[in-house]
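The exercises below ask for careful reading of a predicted model. Each begins with a task and is followed by a solution in steps.

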Amino acid sequence: MAGILDVPKPRINYSMLSQHINRAVCFVGRVGKVHPTGKTFTVTDGEGKTVTIELNDPLEEELSGIVEVIGMVSSRGEIMATTYNILREDKGISFDLELYNEALKVIHDFPQHYPFVVAASG
Amino acid sequence: MRKAKVHNLKEQLCEAGMGVTLTQGAVEALLKGSEVNNPVLQLLNIRQISSASGPSRFRLMMSDGRHSLSSFLLATQLNNLPEENLLVQHCVCMLKKTTTNTLSDGRQVVVVVDMEILQSAEQTGGKIGNPIPYNSDGKLSSPQKVSSSTSEQTSSSSAALPGPSHRNNTSFSASRGAGRNLTATALMKTSPMKTSPMKTSPMKTSPMKASPMKTSPMKTSPMKASPMKASPMKAAGSSLVSSAKVIPIASLNPYQSKWTIRARVTNKSNVRNWSNSRGEGKLFSFEIVDESGEIKITAFNNEVDKFFSLVEQGKVYYISKATLKVANKQYTTLKNDYEMTLNAHSSIVPCDDCQGIPTVHCDFVPIGELENWDKDAIIDVIGVCKSAEDVSRITTKSSREVSKRALNLIDTTGKEVTITLWGEEAEKFDGSGQPVVAIKGARLSDFGGRSLSALFSSTIMVNPDIPEAFRLRAWYDKEGHAVDSQSLTETRSTSSGSKMNWKTLSDIKDENMGHGEKAEYFSCVATVVFTRKENSLYQACPSADCNKKVIDQQNGLYRCEKCNREYPNFKYRLLLSANLADFGDNQWVTCFQETAEVLLGHSAKTLGQLREMDEAAFDKVFQKANFTTHVFKNRVKLETYNDESRVKVTVLEVLPVDHREYSRRLLRNIHKLAS
């Protein structure tokens, strides 16, 4: 887990998965189906495309709504999650997934303005 | 023997001699509504039906040699024929123009609009042939009904033609022998006019009221008040109403009293009570539409009781005998020079045959064009309800509490407008699923630029069954939902007009804002980085309209120079100096009372108390404001003070950041820059 925290984790959606194979990413989407074992679930991005998330340890809680997953993209296009974050719907403003997707596109269309680098400390 | 003779006579007449040939099969054809060209028929019987008001009607029994039928009605314009004894029993005529109407119970009536007498009764010399009554449903020839009780007389089984005769004749029956029992059988049996059974008929006892009106619902409706009322038009709801001509609403005028219209109720108001110096009463009104146009109808007092529950929005009715008058445009926005008032004689009958009646008559104005319309215009609008606020309750000037609800509508012009619903409409509106909402008769206002308000007389339709609604739904689902619409209704008032002037803090210097003669206005998203707590509060004149700083006289009194008075007290007011920052620059700004209170989250009064009593808490308030981000609406002007010129920025309004709106704006700007 420590390793992934030090690395830049670009925010992506389904269409960008293929360019990030074996890299750490951050995927935000709406929870779809949770496998009965609790070790895998699906997430749908702002364009309606679905990705499968795999966990090392089974889920210990109910998953629903929008979730932010950090993990590695496998060669099969799935995300091996190291950690996830539930964006609570009952607090604050509701998350606009379509708008988020628009922002994602901008970030990736203009990498010169949105560089994914870890700032050097000191 | 006799029969043979008759038969011969018929043949003579039909084939050779007299030159007239009855058009056999014409009766059947006419009844079925088929085209028959100038059929030649013989009049077997004619009966006059009188009414209390208006001209008499004549009911005819015609024969085509094969069949006879008494369901013929003479149009009033031909009344002179029988009255001048031209149209007499056994004469032969050619029907040049007829109309066949179907009653609501399925029976047919043939109205003779134009006819020519080909051969007089004398010349013809009697009934031609041996026609049998045309029997389409077997009911026609039930003889027993002739002298039966009144109620039965009114039943369909006993008469080819129901209605008019019945209703009209409570007082006339005895003398005329006309009226209800115009049964084929009665006619057949008795030599024409005698109908003695009629004379003793209990018709007089206005049985109509109670009769189990098989035929027409109308009979049990308002009509019951006066049996005399039955002028053919109105009388038996279905029968006569349809046999009378239905005229278009557009041709209604106060100079023509014999009319029937068939229209759909588009809008029905609630009952309204009034009480003034001249008395009190109640009314309700409704609007109707047919293919030709629309008109408003009002009912007062008694008519309210009579008709309120009968009239339902969306249903079609035959209406006749109401008072036409010039429309009071103050109370209606319909396109008709006239409006109608129901009276004691009016009749409203539900109609089952609604084809051709439009469901609703709307002239929708595209939202993008609303700016071209003047305020207070009454218009129709349709759009997709993108969002709806919750119902809120407000108190009006007359201290009444009323519910209100604002909806945002968008249409294919990509423009949005806010419409406000009131009262019950506001409460029962369901905005889920972004429905298509159509409003007929809403008032356009210039509040917030352009906005709409529903009136008492407006009709609000959610997901209406009209083509425009389907078009909007399809457009919205496909692309409309993603459109960055511009709302014509600015929910926040802007001094710069309808569009916010978004700037960044560096723009102020870069663009030399405020250097011109007039002050400039702009909005920005910025973060508070410093608030000056010293000298943020001052003691102000306690009088309501004066905010001038008072001088502490040190004797418990405070002097206001502006009011030229001394007061034993003062009120605290805020004058806050703050520094705002964004990615590009900082800017010192001044916040007066209202904006300072929003920024600090406390009233001046509270802060005044806090400063006196708990300085630490006072400090904390100012700390908390730091690093909060807001939308600021500002005024900027270059000011000169003692030879020094400085650009001064005053905050006019502090608003929370609408992140969605902000994001969309940024995305828009990025796309613009990128293209």
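**Exercise 1: An arginine in a loop**

Leaving aside the neighbours within four places in sequence, R450(B) is in contact with L370(B), E371(B), W373(B), D374(B), K375(B), V417(B), L444(B), S445(B), L488(B) and T489(B). Determine in which loop R450(B) is found, whether R450(B) is buried or exposed, and which backbone oxygen its side chain reaches.

*Solution.* Begin with the position along the chain: R450(B) is found in the loop between β17 (436-445) and β18 (451-462) of chain B. Next take the accessibility, where the cut-off for a buried residue is under 20% relative accessible area; with 14%, R450(B) is buried. Finally, follow the side chain of R450(B), which reaches the backbone oxygen of L370(B) at 3.2 Å, and note that L370(B) is also among the contacts listed in the task.

**Exercise 2: A strand and its two partners**

Establish how many residues of strand β7 of chain B are buried, and describe how β7(B) pairs with β11 of chain B and with β9 of chain B.

*Solution.* Strand β7 of chain B covers residues 260-268, and 8 of its 9 residues are buried, so the strand is largely enclosed by the rest of the structure. Turning to the partners, β7(B) and strand β11 (residues 316-326) of chain B run antiparallel and are joined by 5 bridges, with I261(B) standing opposite I319(B) in β11(B). The pairing of β7(B) with strand β9 (residues 279-289) of chain B is likewise in the antiparallel sense, over 4 bridges, and here V265(B) stands opposite I288(B) in β9(B).

**Exercise 3: An open sheet and the loop before it**

Give the strand order of the open sheet of 3 strands that contains β23 of chain B, explain why β22 and β24 of chain B each have a side without a neighbour in the sheet, and place K548(B) relative to β22.

*Solution.* The order is β22-β23-β24 (chain B), with antiparallel pairing. Since β22 (551-552) and β24 (565-567) of chain B stand at the edges, each has a single partner strand, so one side of each is left without a neighbour in the sheet. In detail, β22(B) pairs with strand β23 (residues 558-560) of chain B over 2 bridges in the antiparallel sense, and the bridge partner of I551(B) in β23(B) is R559(B).

K548(B) lies in the loop between β21 (537-540) and β22 of chain B and, at 38% relative accessibility, counts as partly exposed. Leaving aside neighbours within four places in sequence, K548(B) is in contact with Q539(B), A540(B), C541(B), C560(B), E561(B) and K562(B). For the last of these, the C-alpha atoms of K548(B) and K562(B) are separated by 6.9 Å, although the two are 14 residues apart along the chain.

**Exercise 4: Salt bridges within the chains**

Work out where the partners lie in the salt bridges E102(A) to K105(A), K306(B) to E303(B) and E339(B) to K325(B).

*Solution.* The side chains of E102(A) and K105(A) meet at 3.6 Å, N to O, and both residues lie in helix α2 (residues 97-109) of chain A, 3 residues apart, about one turn of the helix. E102(A) is partly exposed at 28%, and K105(A) is partly exposed at 33%.

For K306(B) and E303(B), the closest N and O atoms are 3.8 Å apart; both residues lie in helix α11 (residues 301-307) of chain B, 3 residues apart. Here K306(B) is partly exposed at 25%, whereas E303(B) counts as buried at 10%.

The side chains of E339(B) and K325(B) meet at 3.9 Å, N to O. E339(B) lies in strand β12 (residues 338-350) of chain B and K325(B) in strand β11 of chain B, so the pair ties together parts that are 14 residues apart in sequence. E339(B) is buried at 6%, while K325(B) is partly exposed at 40%.

**Exercise 5: The contact between the chains**

Characterise the contact between chain A and chain B by its residues, its buried area and its salt bridges.

*Solution.* The contact takes 10 residues from chain A and 8 residues from chain B. The area buried between them is about 690 Å², of which carbon and sulfur atoms give 72%. The count between chain A and chain B is 2 salt bridges, including the one in which the side chains of D96(A) and R660(B) meet at 2.7 Å, N to O. On the side of chain A that touches chain B, the residues divide into 7 nonpolar, 1 polar and 2 charged.

Technical notes:
Residues numbered from 1 in each chain as written. Chains lettered and ligands numbered in written order. Predicted model: local features only at pLDDT ≥ 70, side-chain atom pairs only at ≥ 80, totals over all residues. Heavy atoms only, no water. Contact = heavy atoms within 4.5 Å. Buried area = accessible area lost by both parts, 1.4 Å probe. Salt bridge = Lys/Arg side-chain N within 4 Å of Asp/Glu carboxyl O. Nonpolar A, V, L, I, M, F, W, Y, C, P; charged D, E, K, R; others polar. Pairing = 2+ DSSP bridges. Buried < 20%, exposed > 50% of the residue type's maximum accessible area, 1.4 Å probe, protein only. Polar contact = N/O pair within 3.5 Å; in protein donor to acceptor, adjacent residues only side chain to side chain.
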